[in-house]
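This report describes salt bridges in one protein structure and how far the side chains involved are accessible.

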Amino acid sequence: MKTPFHELFDETRIGRTSEVRLNHLLQQATQENISPASADKRKTLFLAIDMQNDFMEQGELGVPGSHLDVSRAARFLYDHMEKITQVAISLDTHQPQQIFHPGWWVDDEGNHPAPFTIITREDVQHGKWRALTHQTESLDYVSHLAQNSKKELCIWPYHCLEGSFGAALEGQFANMVYFHSVARKAAPLRIVKGKDPLSEMYGIIKPEYGPHAAEQLDFLESLRSYEYIFVVGEAKSHCVLESLRQILEYYEADPSVTSRIVVLEDCMSSIPGFEAAAEEAFTDWQKAYKISVTRSTDFTW
């Protein structure tokens, strides 16, 4: 690489506005002597889940460890740029009025739930919490979660509001994603998720529940074409975990695909309190689906 890493990624600016203009960086990208991604004989995917400002350590739903995660992920993309065919990024995208935000619910005194409050079916049935709108649908949603052993409804701080700084792809990581795009002549794939006001959507494939829930079938089918599928992102315990679960469920009968998944465990962190469940799931999946879990610095082609 002609352009040194430190010119593309400034660790002191993670989660903040970038001081380097993208036009300058992308002009440098045109000078790199790297073959276009279309010429790759072995195609690889780099899937970055929700690497957004609000999930950085000072964000509205900051994940401890996320700054190191994004730095390592960017370094991996930089070091292996000539071998990574496609970059895909998911973007959690919300409005204030959604079922998992405080303003959706009130108690008998008109108070909204504090962030990280758990709302169960019994809470709604007994009137502990009442939805301000869509009462029938809201009860149906928490009832479905209970019946299907899903995560209970958690009230999250307002985060990733559409058009806000917090919803944007983290700036230093974005530098690397777009540098790859120009250097390798490959447009990044964007997966926007989480817009349904009546459902959470941790995974990138489909929401937790909804009568009109759609799946990312084209994306799922595209995974067959990659020799390696690298996975990074935030948070390991929620959006990364559920995204992988949905992919593995789709390919549960096809280990030839699931065995190509490489989880870069040092490029993701869990929300505190959920670490044990996440580790258990990833351990189980290594046995059941033959996915690989490794550090970004330990992977060898």
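Is glutamate 279 buried, partly exposed or exposed? Glutamate 279 is partly exposed, with a relative accessible area of 38%; buried stands for under 20% relative accessible area, exposed for over 50%, and partly exposed for values in between (1.4 Å probe, protein chains only).

The model is predicted, so that local features need pLDDT of at least 70 and side-chain atom pairs count only at pLDDT 80 or more, while totals for chains, interfaces and linings use all residues. Residues are numbered from 1 along each chain as its sequence is written, and side-chain values use heavy atoms, leaving out hydrogens and water.

A salt bridge is taken as a side-chain nitrogen of Lys or Arg within 4 Å of a carboxyl oxygen of Asp or Glu. The count by this rule is 14 salt bridges, including the three tabulated here.

| Pair | Closest N to O distance |
|---|---|
| Arginine 13 and glutamate 19 | 3.5 Å |
| Arginine 121 and glutamate 122 | 3.7 Å |
| Glutamate 279 and lysine 236 | 2.6 Å |

Glutamate 279 forms its salt bridge with lysine 236. This pair links distant parts of the chain, with glutamate 279 in helix H10 (residues 275-289) and lysine 236 in helix H8 (residues 236-250), 43 residues apart. Helices are DSSP runs (H or I, at least four residues) numbered from the N terminus. Lysine 236 is buried, at 6% relative accessibility.

Arginine 13 is likewise buried at 11%, whereas its partner glutamate 19 is exposed at 61%. Arginine 121 is partly exposed at 22%, and glutamate 122 is partly exposed at 37%.

How values were computed: Helix = DSSP H or I, 4+ residues; strand = E, 2+ residues; numbered from the N terminus.
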